[in-house]
Amino acid sequence: MLVKGKTAVITGAASGIGRTTAETYAEQGANVVVADVDREGGEKTVEGIEEAGGDATFVETDVSVAADVESMILTALETFGGIDVLFNNAGIEGPLCEFDSYEEDAFDRVVSINLKGVFLGMKYGTQAMLEDGGGAIINTSSVAADAGVIGRGAYAGTKSGVNGMTRVGAIEYATDNIRVNAVLPGIIETPMHERAADQKPADRLSRYAVSESMPGKGGPEDIANAVLFLGSDLAKRITGVTLPVDGGLLQQP
Ligand SMILES: NC(=O)c1ccc[n+]([C@@H]2O[C@H](COP(=O)([O-])OP(=O)(O)OC[C@H]3O[C@@H](n4cnc5c(N)ncnc54)[C@H](O)[C@@H]3O)[C@@H](O)[C@H]2O)c1
């Protein structure tokens, strides 16, 4: 068991990558705080973990609201006595829309969840980890941070920002036993991917559609396994890394 006895807080854990990562951490011996705006989905994640013999609790959290993020971290301290791993994973894709027609409100919403949400997690997560002797933070970025994915201007901006905050955090806390890394999922089969696949790019841009180099698609377990490694002591010298899990998508010319 790679994370036995550790406590992991996972945002966006009611669905997709977050849920599978919560299940993976629980299987590997961690206590899990399942955080999400979606109460029904979050409670379902907890139920699944408990049925499999693991330990988890749900906390309703909007990652764009400071008070929610603060109480999410407090839940870990009060329920399980500490925090070892924080996976800042909640995110939205926003509209598929070129810049000339991207609505300002939609931009603000993507930024508040994908960028501010990770900022708040890092703020309250590091405060608790500084008190608790250290820990590992993993942020969910995207290949969209490092490649021009059409129609995803706001989304790409937030994910590039996540990479930047990851690097800064790695250095700020390098002497405090706090590691900060990011994963960059490629095309992963989740409800978000299904929604995104239904959004159609403008015809004149369709030749820029992205695909992975390896055949098939990644599954949420591919991300969960990378996050498990980065949160475990196997990765004790790894910090500031932005790790693509993308079947070679970013290596394409
Ligand atoms: N699926 C992919 O292909 C892919 C690719 C690259 C990056 N990502 C990233 O992976 C992460 C997880 O995506 P997924 O594919 O599992 O999507 P998903 O839609 O299946 O799950 C996202 C979860 O985040 C939650 N969420 C949304 N807004 C929230 C908020 N304000 N506060 C708390 N929770 C909130 C949702 O309720 C949902 O449970 C996201 O950050 C996404 O940008 C996904």
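This is a chat about the ligand site and the spaces in a predicted model.

Colleague: Before we start, what kind of model is this?

Modeller: A predicted one: local features need pLDDT of at least 70, side-chain atom pairs count only at pLDDT 80 or more, and totals for chains, interfaces and linings use all residues. Residues are numbered from 1 along each chain as its sequence is written, and side-chain values use heavy atoms, with hydrogens and water left out.

Colleague: OK, the ligand. Which residues come nearest?

Modeller: S15, D36, N89, Y155 and T190, out of 29 residues around the ligand. Being near here takes a heavy atom within 4 Å.

Colleague: And which polar contacts should I look at?

Modeller: Try D36, where a polar side-chain atom lies 2.6 Å from an oxygen atom of the ligand. A ligand nitrogen is 2.9 Å from an N or O atom in the side chain of D62, and a ligand nitrogen is 3.0 Å from a polar backbone atom of V63. A polar contact is a pair of N or O atoms within 3.5 Å.

Colleague: How much of the ligand does the protein cover?

Modeller: 93% of the 830 Å² of accessible area that the ligand has on its own. That area comes from the Shrake-Rupley method with a 1.4 Å probe.

Colleague: Which helix gives the most to the shell around the ligand?

Modeller: α6, with three residues. Helices are DSSP runs of H or I with at least four residues, and strands are E runs of at least two, numbered from the N terminus.

Colleague: Where does the ligand sit, in pocket terms?

Modeller: The space it takes is the largest pocket; sitting in one means more than half of the molecule's atoms lie within 2 Å of the grid points. On a 1 Å grid over the protein atoms alone, a pocket is an open set with protein on both sides within 12 Å along at least five of seven lines, and lining residues have an atom within 4 Å of a point.

Colleague: What's its volume?

Modeller: The largest pocket has about 1200 Å³. Its lining counts 46 residues, with E93, Y155, M192, H193 and A196 nearest the centre. α6 gives the most to that lining too, with six residues.

Colleague: Switching topic: how many cavities of 30 Å³ or more are there?

Modeller: One, with a volume of about 30 Å³. In a cavity a 1.4 Å probe fits but cannot get out.

Colleague: What lines it?

Modeller: T11, V63, N88, N89, A90, I113, G117 and V118. Helix α4 (residues 104–132) supplies the largest share of that lining, three residues.

Definitions and conventions:
Grid points are joined across faces, edges and corners, and a volume is the space filled by probe spheres set on the points. A polar contact is a pair of N or O atoms within 3.5 Å; within protein, one must be able to donate a hydrogen and the other to accept it, and residues adjacent in sequence count only if both atoms are side-chain atoms.
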